[in-house]
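Thank you for making the time this morning. I would like to walk you through one structure, beginning with its charged side chains and ending at its surface.

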Amino acid sequence: MAEFDMDLAATRIAEQADRAGAEASARLERSGPVVGKASSGDGAIEVQVAPGGLLTGLTIHRSALRHGSSVVADQILELAQRATRRAGDKMYHALAPVVDASQLEVLGYEPIPDDDPDAESVSYGR
């Protein structure tokens with residue numbers, strides 16, 4: 001029976017993780033900030049989020065206020081969800097070459113099909 005060198009295996013795994021981390025960092029540095037954006041059809045509300053959905057920008061133009069606060073709140077939530085999907089799509093495509101797709105999906109980063117209304121016109125090198 002062959003012996004298993006646990007220290008050697010742990011060292012190799014750590015080296016692989018370091019290489020993948022360095023590659024992922026380099027890809028994200030080249031791509032710039034990964035954010036998702038969405039705006040209402042009339043452009044009265046614009047939302048920007050980081051991957052995972054953290055709101056990083058919100059613009060509400062005066063014209064949006066005529067619909068009432070409840071409608072504005074609903075639109076913001078809908079746009080934030082759309083922007084979150086877009087940010088996840090961007091993160092997925094930025095990291096897919098160096099991180100297993102199943103791991104990305106566990107983190108909530110999934111590709112958006114091209115025919116989906118939330119898909120943006122940018123192809124991210126697909």
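Let me start with a question: is Arg 85 buried, partly exposed or exposed? Please keep in mind that this is a predicted model. Arg 85 counts as partly exposed, because its relative accessibility is 36%, and the cut-offs for that class are 20% and 50%.

Arg 85 forms a salt bridge with Asp 118, in which the closest N and O atoms are 2.8 Å apart. This pair links distant parts of the chain, since Arg 85 belongs to helix H2 while Asp 118 lies in the segment after H3, 33 residues apart. Asp 118 itself is buried, with a relative accessible area of 9%.

Asp 118 also forms a salt bridge with Arg 82, and here the closest N and O atoms are 2.5 Å apart. Again distant parts of the chain are linked, with Arg 82 in helix H2 and the two positions 36 residues apart. Arg 82 is partly exposed, at 23% relative accessibility, and Arg 82 has a further salt bridge with Glu 78, at 3.9 Å between the closest N and O atoms. Those two residues both sit in helix H2, 4 residues apart, which is about one turn of the helix.

Altogether the structure holds 4 salt bridges, and shared partners join Glu 78, Arg 82, Arg 85, Asp 116 and Asp 118 into one network.

Turning to the surface, Leu 55, Leu 58, Ile 60 and Leu 65 make a nonpolar patch of about 350 Å². Leu 65, found in the loop between strand S3 and helix H2, counts as exposed at 55% relative accessibility.

Key: Residues are numbered from 1 along each chain as its sequence is written. This is a predicted model: local features need pLDDT of at least 70, side-chain atom pairs count only at pLDDT 80 or more; totals for chains, interfaces and linings use all residues. Side-chain values use heavy atoms; hydrogens and water are left out. Patches are made of residues with over 30% relative accessible area and no salt bridge: like charges are joined within 9 Å, nonpolar side chains (Val, Leu, Ile, Met, Phe, Trp, Tyr) within 5 Å. Accessible areas come from the Shrake-Rupley method with a 1.4 Å probe; for residues, only the protein chains shown count as cover. A salt bridge is a side-chain nitrogen of Lys or Arg within 4 Å of a carboxyl oxygen of Asp or Glu. Buried means under 20% relative accessible area, exposed over 50%, partly exposed in between (1.4 Å probe, protein chains only).
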